[in-house]
Amino acid sequence: MALCITELLLATLAALQDAPAEGKPLFNGKDLSGWETWLGRPNKAIDVPGMTRNDKGDYADVVGLNQDPKGVYSVMEVDGKPAIRISGELWGALTTKEEFENYHFRAEFKWGQKRWPPRENTVRDNGLLYHCVGPHGAGSSHWMKSFEMQIQEKDCGDFHSVAGVIVDVEAELKAPGDPKSPLLYRKGAPKIVGRVNRILKSPDNEKPSGEWNVVEFFCHGQTAVHVVNGKTVMVLTGLRHKVDGKEVPLTKGRIQIQSESAEIFWRSIEVRPITEIPKTLLE
């Protein structure tokens, strides 16, 4: 009997060790505690009272940190649950105050209806930025230096380099034979080293506009995996950036959710620590 109890205890301990770590909510359902806001230089077509313009009508400065004169960031109930609303009217980002390393990020989003200049007549656009470092606005006055998991209609899961971050990726030309063609991620394709601009995801696994989507990224060491509605759409390796002219690993930082001309809602936002990226996501 004692042996059976001992074996049971050992089995229980092993199961606890293998269980996934508890997720940490990044949205409390009430307010934007744990986040700070940033808004860059507004588009000239948007009226922001009190801000200075030059003789061409362009704004002279950014809106700045924790200043939100247009109510871009708010909390409201959507489909019976609390959600963060980002109007998109001004470009910028909602930024975690905390930085993260070796973690799994998960959230749900769905598109709203409103769109704003300069993208009022094109696909809805947003993005998740991870390993965000340095000053606000390093990327076009709007975003921190970071790796972007694109959240854009029909392009959900693409990669963009923000302010010069660098990755390696298995990919091929979307249009074979055309050197100007964008790169398309494909597991098993030759590795492209030192990519500093857009990489297209594969496959497209976003739900129709207006439905809730689950988006995730897994970051461990210098590897990141983009997952859309449970399916891997991008694997990036060699995450790095230049410091004093030398390439060095970039493996941790803050998280930003973009505001970029389209209304969007976010809920169930959380992170959990990981000791490795699940092998099923890398296969």
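**Close-up views of a predicted model**

By the distance rule for cysteine sulfur atoms, the count of disulfides comes to zero.

**Figure 1. Cys 132 is in no disulfide.** The model shown here and in the other views is predicted. For Cys 132, the nearest cysteine sulfur belongs to Cys 219 and is 10 Å away. A disulfide needs two cysteine sulfur atoms within 2.5 Å. Cys 132 has a relative accessibility of 2%, so Cys 132 counts as buried.

**Figure 2. Cys 156 has no cysteine sulfur close enough for a bond.** The closest cysteine sulfur to that of Cys 156 is in Cys 219, at 15 Å, and this is too far for a bond. Is Cys 156 buried or exposed? Cys 156 counts as buried because its relative accessibility is 0%. Cys 156 is also one of the residues touched by Gln 150, the subject of the next view.

**Figure 3. Gln 150 is a buried residue in strand β10.** Strand β10 covers residues 145-152, and Gln 150 is found in this strand. The relative accessible area of Gln 150 is 4%, which is why Gln 150 counts as buried. The side chain of Gln 150 is joined to the side chain of Gln 152 by a polar contact of 3.5 Å. Which residues does Gln 150 touch, if those up to four places away in sequence are not counted? Asp 125 and Asn 126 are touched, and so are Asp 155, Cys 156, Gly 157, Asp 158 and His 160.

**Figure 4. Strands β16 and β17 form a hairpin.** Strand β16 is made of residues 213-220 and runs antiparallel to β17, with six bridges joining the two. One pair to find in the view is Cys 219 and its bridge partner in β17, Ala 224. Cys 219 also has the cysteine sulfur nearest to that of Cys 132. Two residues lie between the strands of this hairpin. In the turn, Gly 221 has a positive phi of about 60°.

**Figure 5. Strand β17 continues into a hairpin with β18.** Strand β17 holds residues 223-228, and strand β18 holds residues 231-243. These two strands run antiparallel and are joined by five bridges. Val 227 stands opposite Thr 232, which is in β18. How many residues lie between the strands of this hairpin? There are two, and Asn 229 takes a positive phi near 50°. Strand β17 is mostly covered, with five of its six residues buried.

**Figure 6. Glu 36 and Arg 254 form a salt bridge.** The closest N and O atoms of this pair are 2.5 Å apart. Glu 36 lies in strand β2 (residues 35-39) and Arg 254 in strand β20 (residues 252-259), so the salt bridge ties together parts that are 218 residues apart in sequence. Glu 36 and Arg 254 are both buried.

**Figure 7. Arg 240 forms salt bridges with Asp 168 and with Glu 247.** In the pair with Asp 168, the closest N and O atoms are 3.0 Å apart. Asp 168 lies in strand β12 (residues 166-173) and Arg 240 in strand β18, so this pair ties together parts that are 72 residues apart in sequence. Both Asp 168 and Arg 240 are buried. In the salt bridge between Glu 247 and Arg 240, the N to O distance is 2.8 Å. Why does Glu 247 count as partly exposed? Its relative accessibility is 44%, and partly exposed residues are those between 20% and 50%. Arg 240, at 10% relative accessibility, counts as buried, because buried means under 20%.

**Figure 8. Arg 106, Glu 108 and Arg 267 are linked in a network of salt bridges.** A search of the whole structure finds 19 salt bridges.

**Figure 9. The whole chain is shown to place the close-ups.** The chain has two helices and 21 strands. The C-alpha atoms fill a box of roughly 85 × 50 × 40 Å along the principal axes. A compact globule of 283 residues would have a radius of gyration near 19 Å, and the 20 Å of this chain agrees with that. Of the 283 residues, 48% count as buried. Among contacts with a separation of 6 or more, 68% are between residues 24 or more positions apart.

Note on methods: Residues numbered from 1 in each chain as written. Predicted model: local features only at pLDDT ≥ 70, side-chain atom pairs only at ≥ 80, totals over all residues. Heavy atoms only, no water. Buried < 20%, exposed > 50% of the residue type's maximum accessible area, 1.4 Å probe, protein only. Helix = DSSP H or I, 4+ residues; strand = E, 2+ residues; numbered from the N terminus. Pairing = 2+ DSSP bridges. Polar contact = N/O pair within 3.5 Å; in protein donor to acceptor, adjacent residues only side chain to side chain. Contact = heavy atoms within 4.5 Å. Salt bridge = Lys/Arg side-chain N within 4 Å of Asp/Glu carboxyl O. Rg over C-alpha atoms; globule rule 2.2 N^0.38 Å.
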